[in-house]
Amino acid sequence: MPEFFNVLAPDVAFEALKPMLTPLDDRDVVLTSSALGRVTADYICSPEDLPAFKRSTMDGYSVRSRDTFGASEGLPAYLEVVGEVRMGEAADFRLAVGQAAKAYTGGMLARDADAVVMVERTQMLDETAIEVLRAVAPGENVVQVGEDVRTGDTILEKGSIVRAQDIGGLLAQGVTSITVCRKPRVGIISTGDELVPPDAQVGPGQIRDINTYTISALVEQCGGEPITLALAPDEFEEQRIAALNGLLSCDALVFSAGSSVSSRDLTAEVIDSLGEPGVIAHGISIKPGKPTVMGIVDGKPVFGLPGNPVSAMVVFDLLVRPAIFHLGGCLRIPSLPTIQATLERDIPSVAGREDYIPVSLDQTGECARAMPIFGKSNLIYTLIRSEGIVKVPLDKSGLYAGEAVRVRLY
């Protein structure tokens, strides 16, 4: 196979891939209580008004607001207390002119009441009478029927990632199950004659496979289902067979290692042998991670990530992560969390290439400080000692100490 290394800018690389990705059609019905992180397959609309009754936002007295107009500490309004509406119970009486009823936070108002006077704004005269020391307006301290959401309103858009608050909102309306997109199955193949399982005793020249498990965790973080396919040697046919088997059961493939331009690195050749159109990019203008391979085989994305842990994680976030979200039906790919910090040391770079540098963070002062952690991309503890990544843009030849930077948190 001829060497294939046409380097693309990072944003161009994913945009070249995106039109070839087709979201999965498969759906699952899951319990709402277990739906955290899943992607909604349909619009979910409100089956009822929420709240379904007028609720007090304060402890106090439900009143007819017009009976309090003009009230002040110097000239209070005098109201007769004719009952109370206990929590979890419905009001079974109405208020007449000059009457009030005890109300509790979250509870119903007495019938015909349209406001609540805070208990702090009242003074008891005896067991059946109060002074109101400040007037209330209609609707004051009250949540109206349907104020949160009305029947038929869209609760969640199609393609939304279900969050903790979404689960609460759905269950508040009795929506106990929802239809979600199936999780994309992502097959992972780690390649290299030197790799052995993590539980093996390493011999001379051998290293334990960690990328399979790091990539699996990253796949889970973005809503995919990781499938460990093989720990394959540097043999074309064995890698090809592992990939063909993976394509039968998975929606995407990720090769770890074997992506640099070398006679021993077969990823691009294997991808091209699997089906059309094969490799669509080999090489991205970033550091670390330049020798990345990206392809499509029969509509399924296939990635060749560098074997170095830092490189693999950087490229995963740029290419694999958005691809998994897209396959999984997510219409708004969530941004990774960031924090602004002041750079503590210079970061040299080269114009025309994006550099990604791990940093540790010191957040003890008013402004966070980011300390670059320089190290070779094959050192996993470079990542472990860091808390995020700083990007040096394509058009800059470096960043200087004292600059404000955005740190993308892990």
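Contact between two elements is taken here to mean heavy atoms within 4.5 Å. The structure described is a predicted model, and the account below moves from its helix pairs to its sheet and then to individual backbone features.

Under this criterion, helix α4 (residues 236-249) meets helix α5 (residues 267-274) through F236, Q239, R240, A243, L244 and L247 on the α4 side and through T267, E269, V270, S273 and L274 on the α5 side. Sorted by class, the residues of this contact comprise 6 nonpolar, 3 polar and 2 charged. The axes of α4 and α5 lie 10 Å apart and form an angle of about 50 degrees. This angle makes α4 oblique to α5. The crossing of α4 past α5 is right-handed.

A second helix pair is formed by α1 (residues 10-17) and α6 (residues 309-327), whose axes come within 10 Å and cross at roughly 30 degrees. Angles under 35 degrees count as roughly parallel, and α1 and α6 are therefore roughly parallel to each other. The crossing of α1 past α6 is right-handed. From α1, the residues P10, A13, F14 and L17 take part in the contact, and from α6 the residues L318, L319, P322 and A323. The composition of this contact is 8 nonpolar residues, with no polar and no charged ones.

The sheet is considered next. An open sheet of 6 strands is arranged in the order β16-β13-β17-β21-β20-β18, and its pairing is mixed. The edge positions are held by β16 (225-232) and β18 (277-282); each has a single partner strand, so one side of each is left without a neighbour in the sheet. On average, and with direction ignored, neighbouring strands of this sheet are turned by 20 degrees against each other. Helix α1 packs on the sheet, where it touches β18, β20 and β21, and its direction makes about 5 degrees with that of β20. Helix α6 also packs on the sheet, touching β13, β17, β20 and β21; the direction of α6 makes about 170 degrees with that of β21. Strands β20 and β21 are thus touched by α1 and by α6.

Within the sheet, strand β17 (residues 252-256) stands between β13 and β21 in the strand order. Strand β13 (residues 185-191) runs parallel to β17 and is joined to it by 5 bridges. In this pairing, V186 is opposite A252 of β17, and S190 has S256 of β17 as its bridge partner. With strand β21 (residues 300-305), β17 pairs in the parallel sense over 4 bridges. Here F255 stands opposite G304 of β21. The side chains of β17 alternate in direction: A252, V254 and S256 point one way, L253 and F255 point the other way, and all are buried. Because 5 of the 5 residues of β17 are buried, this strand is largely enclosed by the rest of the structure.

Several backbone features lie in loops. Most residues other than glycine have a negative phi, and most peptide bonds are trans. Against this background, two non-glycine residues and two peptide bonds may be set out. D112 is not a glycine, yet its phi is positive, at about 80 degrees. This residue is found in the loop between β6 (99-103) and β7 (115-118). With a relative accessibility of 43%, D112 counts as partly exposed. N141 likewise has a positive phi, of about 60 degrees, although it is not a glycine. The location of N141 is the loop between β9 (129-132) and β10 (142-143). Buried means under 20% relative accessible area, and N141, at 16%, therefore counts as buried.

The peptide bond between L50 and P51 is cis, with omega of about -5 degrees. P51 occupies the loop between β2 (44-45) and β3 (55-56). A cis peptide bond also leads from K287 to P288, and its omega is near 0 degrees. P288 is placed in the loop between β19 (286-287) and β20 (293-297). The strand that follows this loop, β20, belongs to the open sheet and is one of the strands touched by α1.

Terms used: Residues numbered from 1 in each chain as written. Predicted model: local features only at pLDDT ≥ 70, side-chain atom pairs only at ≥ 80, totals over all residues. Heavy atoms only, no water. Axes fitted to C-alpha atoms, helices over the stretch in contact; angles between N-to-C directions. Helix = DSSP H or I, 4+ residues; strand = E, 2+ residues; numbered from the N terminus. Parallel < 35°, antiparallel > 145°, perpendicular 65-115°, else oblique. Left-handed = near helix turned anticlockwise from the far one by under 90°. Nonpolar A, V, L, I, M, F, W, Y, C, P; charged D, E, K, R; others polar. Buried < 20%, exposed > 50% of the residue type's maximum accessible area, 1.4 Å probe, protein only. Pairing = 2+ DSSP bridges.
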